[in-house]
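Work through these exercises with the sequence and the model open. Try each task before you read its solution.

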Amino acid sequence: MRLPDRVTGLFLVGLGAAAAYGGWQLPPVPGQPVGPNVFPLVIGSGLALCGLAIAFGIGHSFEEEEELVPLEPGQAPPPTGKLYGLRALLPPALLLFYVAVADRLGFIITAALIVYVTASALGARWKLSLPLAVLAPIGIHLIFSKLLRVPLPAGLLPMPW
Amino acid sequence: MLNTLIEAFALISTWEVIIALLAASVYGLVIGSLPGLSATMATALLVPVTFYLSPIAAIATIVAASSMAIFAGDIPGALLRIPGTPASAAYADEAYAMTRKGEAERALGAGVWFSAVGGIAGTLSLMILAPPLAEIALSFSTFEYFWLAFLGLMCATLVARSSPVKAIASMFIGLLVACIGIENPGGVPRFTFGMTDLFGGIEPIPALVGVFAVAQVMRAMLTPEPPPIPKRKFGSIMAGQWKLTRKYHRQMTRGNIVGIIIGVLPGAGADMAAWVSYAMSKRFSKEPEKFGTGHVEGLVEAGASNNASIASGWVPSLLFGIPGDTIAAIAIGVLYMKGLNPGPTLFTEKASSMYAIYLMFIIANIMMIPLGIVMIRLASHVLRAPRSTVMPVIMLCCAVGSFAIGNNMFGVVTVATFGIIGYVMEENGYPVAAMVLGIVMGTMIEQSFVTSLIKSDGSVLPFFERPIAAILAAMAIGALIWPVLVWVWRRLKRGAASPAASAG
């Protein structure tokens, strides 16, 4: 997801301005010249300035062009396409999925689903991803719940230990 | 002195500490050697584990894992030309060129040997430098702390090999994240948008895990799998290292010293040390034309340098709570958690714990030699583990680890969010390390800034009046305008090269 510098720069201008405005709105400490509002004001203005500079391409000459590693003969070029880029959102989506259902389904089942989906998305065949989805959650549960006493949700499938 | 040393020995000679050291070493070696899994990520994922260990064992795991992972990054660098950690990137090409010449043993052996020597040199510097600096640090007021923290942030933006403007913007984003919560001079909820989960602010560790681990899994989704390491038989790994040490002792010492100096600077760590030392080695070499063709000289100097900076990077961390790099930032979090709050008094009040840290550094660096040799021999087996089995386990560790930090689900949300932020930033050339240091140092820099402003009645002049504050301020501002000078110099050189341009 490479965006032009102009877009990211202007986004930062907006973010900085919002932060400076939000900071300015905070109530000051009575009888004191500086309170919680000063720091966001400084940071926000600084960020907005940087954003402007980036949007105008200042400092671009310092960036190193990404080195493209030449493909080995026999190595397939990565597939391209609009939807392909969205695959990157899979890991954070799975983590949010964990937050949403872990309490109801329990750690083992949720974790097994996460492992299976991640492994398959990275190109593992079911012969590899299925045993992994069974073993990895049990192993992690053993380490974190049994050894380190992290209260992992039991849910539908409590572990015998 | 002798009593504290004996006490320190007693502290570290428990089974818990020994097992923690060994397990963390193996863990650091494996994670560091897998391409794409960096030393920072290895250390960050360890933090939830340290919660449940005694203070010394917790620090032992951090020390061992980070030292081993920095060395282990050389292994895929030499065998695949894919540096395992950013600190190995400086000389991955050189090491790979040696492998192609059939000198993989020599390259990796130099990596392990000079890393261990560098680590021990760095530890000695930590032992020698920290106590006198602590004396000076006792007289620091908020003005000095402010400039020191500011200098740290500025160095962090210089390290990033990207546009300095973008690096500074990343730093501001980090500081902005640190503004969230009620821990501010007025104690009012700031930027919480009415969400109670945000009242406590954003914890640095989940943010770090998100930026370094989740973002890496996200990248893996889009990039093709790196080629497996070709099976090969290794000859003797340590053979000839002693000869190299004698031949290049000057380069080694210079690497150690540069690494130590860069490590002591707040905000600059192993990555910068490796780049600077490699460049220096080339600049001062008698045979610079051999660089890039598989010449061991640069490897010696840079390898000696990056591990030296790991240990000396603990100087600003222990003294001021200002991290040298992202790994030190994690270490500071662990120190606070274990009641060893960084500060100059640490060296008098908790002297035995400090000696225990030194001892652990030395033990970890000695252990690095045998364990490193085993790891190099096993590398072609371990590194054959397909990415599709490693990444799912990393995902689970992210979820469980971030939950364990506060035992609430908001940590997992933080990790996911920062995964996206880190991924987008990295893709667009915004260095994430600067943001992470901003998050870690935000509260401290605000406190020292606001307290100083209150003391000076809103005037800026007292920021420059105390002598040490003035020196630190000059250094910080120098770091800020350094890129501008580089830019001007480049323009002048280009102008001189083409007279037509300078005439017009």
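Helices (H or I, at least four residues) and strands (E, at least two) are DSSP runs, numbered from the N terminus. Residues are numbered from 1 along each chain as its sequence is written, and chains are lettered from A and ligands numbered from 1 in the order in which they are written. This is a predicted model: local features need pLDDT of at least 70, side-chain atom pairs count only at pLDDT 80 or more, and totals for chains, interfaces and linings use all residues.

**Exercise 1. Describe the secondary structure and domains of chain A.**

Step 1. Count the elements. Chain A has five helices and zero strands.

Step 2. Read along the sequence. The pattern of chain A is α-α-α-α-α.

Step 3. Look at burial. A residue is buried if 20 or more other C-beta atoms lie within 10 Å of its own, exposed if 12 or fewer, and partly exposed in between; the C-beta atoms are placed from the backbone. Of the 161 residues in chain A, 34% are buried.

Step 4. Find the domains. Their bounds come from an automatic or database domain assignment. Chain A is divided into domain 1 (5-61) and domain 2 (83-147). Taken over C-alpha atoms, the centres of domain 1 and domain 2 of chain A are 39 Å apart.

**Exercise 2. Work out which parts of chain B touch chain A.**

Step 1. Fix the rule. Two residues are in contact if their C-beta atoms, placed from the backbone, lie within 7 Å.

Step 2. Count both sides. In chain B, 65 residues are in contact with 65 residues of chain A.

Step 3. Name the helices. Helix 9 (164-179), helix 10, helix 19 (387-406), helix 20 (410-427) and helix 21 (432-455) of chain B each supply at least two residues of the side that touches chain A. Helix 19 of chain B gives the largest share, 14 residues.

Step 4. Sort by class. Ala, Val, Leu, Ile, Met, Phe, Trp, Tyr, Cys and Pro count as nonpolar, Asp, Glu, Lys and Arg as charged, and the others, Gly among them, as polar. The side of chain B that touches chain A has 47 nonpolar, twelve polar and six charged residues.

**Exercise 3. Describe how two pairs of helices in chain B pack.**

Step 1. Choose the quantities. Two packed helices are described by the angle between their axes and the distance between the axes. Axes are lines fitted to C-alpha atoms, for helices over the stretch in contact, and angles run from 0 to 180 degrees between N-to-C directions.

Step 2. Take the first pair. Helix 10 (residues 204-222) and helix 16 (residues 326-337) of chain B pack at about 150°, with their axes 10 Å apart. Helix 10 of chain B is therefore roughly antiparallel to helix 16 of chain B. The cut-offs are these: angles under 35 degrees count as roughly parallel, over 145 as roughly antiparallel, 65 to 115 as roughly perpendicular and the rest as oblique.

Step 3. List the contact. Pro204(B), Ile205(B) and Leu208(B) in helix 10 of chain B meet Thr326(B), Ala329(B), Ile330(B) and Gly333(B) in helix 16 of chain B. By class, this contact of helix 10 with helix 16 of chain B has five nonpolar, two polar and no charged residues.

Step 4. Take the second pair. The axes of helix 19 and helix 20 of chain B come within 7 Å and cross at roughly 130°. So helix 19 of chain B is oblique to helix 20 of chain B.

Step 5. List this contact too. Among the residues of helix 19 of chain B that meet helix 20 of chain B are Cys398(B), Ala399(B) and Phe403(B). The contact of helix 19 with helix 20 of chain B divides into six nonpolar, four polar and no charged residues.

**Exercise 4. Examine three Phe residues and one Val, each in a loop.**Step 1. Place the first residue. Phe191(B) lies in the loop between helix 9 and helix 10 of chain B. Its phi is near 50°, a positive value in a residue other than glycine. Most residues other than glycine have a negative phi, and most peptide bonds are trans. Phe191(B) counts as partly exposed because it has 19 C-beta neighbours inside 10 Å.

Step 2. Move to the next residue. Phe193(B) is in the loop between helix 9 and helix 10 of chain B. Phe193(B) has a positive phi of about 50°, although it is not a glycine. Phe193(B) counts as exposed because it has 8 C-beta neighbours inside 10 Å.

Step 3. Check Phe199(B). It lies in the loop between helix 9 and helix 10 of chain B. With 14 other C-beta atoms within 10 Å, Phe199(B) is partly exposed. Not counting residues up to four places away in sequence, Phe199(B) touches Gly181(B), Ile182(B), Pro189(B) and Thr192(B).

Step 4. Finish in chain A. Val29(A) lies in the loop between helix 1 (5-25) and helix 2 (38-55) of chain A. Val29(A) is partly exposed, with 17 C-beta neighbours inside 10 Å. Leaving aside neighbours within four places in sequence, Val29(A) is in contact with Gly35(A), Pro185(B) and Gly186(B).
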